[in-house]
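Here are some short exercises to work through with the model open beside you. Try each task yourself before you read its solution.

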Amino acid sequence: GLTVVAGPLASSRIRRTLATGSDQVVSSASNALLLLAVAGMSSPQDLGIFAVAYTVATMLIAVQRGMFGVQISLKAGRHDDVRLESRRALGALALLTVGWAAGGQLAPTVVALALSVPLALLQDLLRFTAMALQRPLAALLSDSLWLTLTVMALAWRELASPAAWELVALWGLGAALALITLMIALRQGV
């Protein structure tokens, strides 16, 4: 017959599953809004340059997830192993991204992206850590903050007509604040 799991364990799993799915949506929304904002205010040439840089950033995220995120996810439930693997990955990732960020000699928007991507990569890595520690609400809190700041940057675009690099810099600031929030949340057990 069919076994039905009920009680606190089942509701805990359901909450984690809902928080994990919600976090994926919120995380993707922040990135999509940045792309739409830059596209709406850039010349075709500047958008092309930004699109190439953003593609490189997306590739870095994919490589990071393959090299580090999967390793962290495989250790889910073993908190000490997750933390150790996360520390190793953070160190390696910091070394990898410093070189990429230091190489930005293009338009100011691309430079702002180059300075923001390492923060986004670190935040994304800690999202994997939060999931592996079965703490998706910490990731959701962090990504929700980032999304809120991105939406605020878009509202600022409508009110003040900032340059595209300023919006990207605000997105990067959102990444930094989301990273700090996630670090605090993971330390405090959120």
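**Exercise 1.** Which residues does Phe50 touch, not counting residues up to four places away in sequence?

*Solution.* This is a predicted model, and a contact here means heavy atoms within 4.5 Å. Start at Phe50 and look around its side: Leu34, Leu35 and Val38 are touched. Next come Thr109, Val110 and Leu113, and Val168 completes the list.

**Exercise 2.** Find the largest nonpolar core and say which elements give two or more residues to it.

*Solution.* Step one: the largest nonpolar core has 17 residues. Step two: look for the residues with the most contacts inside this core, which are Leu34, Phe50, Leu113, Trp146, Val168 and Trp171. Step three: the elements that each give two or more residues are α1 (8–41), α2 (44–74), α4 (108–132) and α6 (164–188). Of the elements, α4 gives the most, with six residues. A second core, separate from this one, has 15 residues, including Ala138, Ala139, Leu179 and Leu186.

**Exercise 3.** Is Val168 buried or exposed? Describe its surroundings as well.

*Solution.* First place the residue: Val168 sits in helix α6. Then check its accessibility. Buried means under 20% relative accessible area, and Val168 has 0%, so Val168 counts as buried. Finally, list its neighbours, leaving out residues up to four places away in sequence: Val168 touches Leu34, Val38, Phe50, Thr109, Ala112, Leu113 and Ser116. Take Ser116 from that list: 52 residues separate Ser116 and Val168 along the chain, yet their C-alpha atoms are 7.8 Å apart.

**Exercise 4.** How do α4 and α5 each pack with α6?

*Solution.* Two packed helices are described by the angle between their axes and by the distance between those axes.

- Begin with α4 and α6: the angle is about 20°, and the axes are 8 Å apart. Angles under 35 degrees count as roughly parallel, so α4 is roughly parallel to α6. The crossing of α4 with α6 is left-handed.
- Now take helix α5 (residues 136–160) with α6: the angle is about 160°, with the axes 8 Å apart. Angles over 145 degrees count as roughly antiparallel, so α5 is roughly antiparallel to α6. Here α5 and α6 make a right-handed crossing.

**Exercise 5.** Where are Gln134 and Ser161 found, and how exposed is each?

*Solution.* Go loop by loop. Gln134 is in the loop between α4 and α5. Its phi is positive, about 60°, although Gln134 is not a glycine. With a relative accessible area of 40%, Gln134 is partly exposed. Ser161 lies in the loop between α5 and α6. Ser161 is not a glycine either, and has a positive phi of about 55°. At 61% relative accessible area, Ser161 is exposed, since exposed means over 50%.

**Exercise 6.** How many helices and strands does the protein have, and what share of its residues is buried?

*Solution.* Count the elements: there are six helices and zero strands. Read from the N terminus, the order is α-α-α-α-α-α. Turning to burial, 38% of the 190 residues are buried. The accessible surface is about 10,100 Å², and carbon and sulfur atoms hold 68% of that area. Lastly, consider contacts with a separation of 6 or more: 80% of them join residues 24 or more positions apart.

Notes:
Residues are numbered from 1 along each chain as its sequence is written. This is a predicted model: local features need pLDDT of at least 70, side-chain atom pairs count only at pLDDT 80 or more; totals for chains, interfaces and linings use all residues. Side-chain values use heavy atoms; hydrogens and water are left out. Helices (H or I, at least four residues) and strands (E, at least two) are DSSP runs, numbered from the N terminus. Buried means under 20% relative accessible area, exposed over 50%, partly exposed in between (1.4 Å probe, protein chains only). Accessible areas come from the Shrake-Rupley method with a 1.4 Å probe; for residues, only the protein chains shown count as cover. A nonpolar core is a set of buried Ala, Val, Leu, Ile, Met, Phe, Trp, Tyr and Cys residues joined through side-chain atoms within 4.5 Å. Axes are lines fitted to C-alpha atoms, for helices over the stretch in contact, and angles run from 0 to 180 degrees between N-to-C directions. Angles under 35 degrees count as roughly parallel, over 145 as roughly antiparallel, 65 to 115 as roughly perpendicular and the rest as oblique. A crossing is left-handed if the near helix is turned anticlockwise from the far one by less than a right angle, and right-handed if clockwise.
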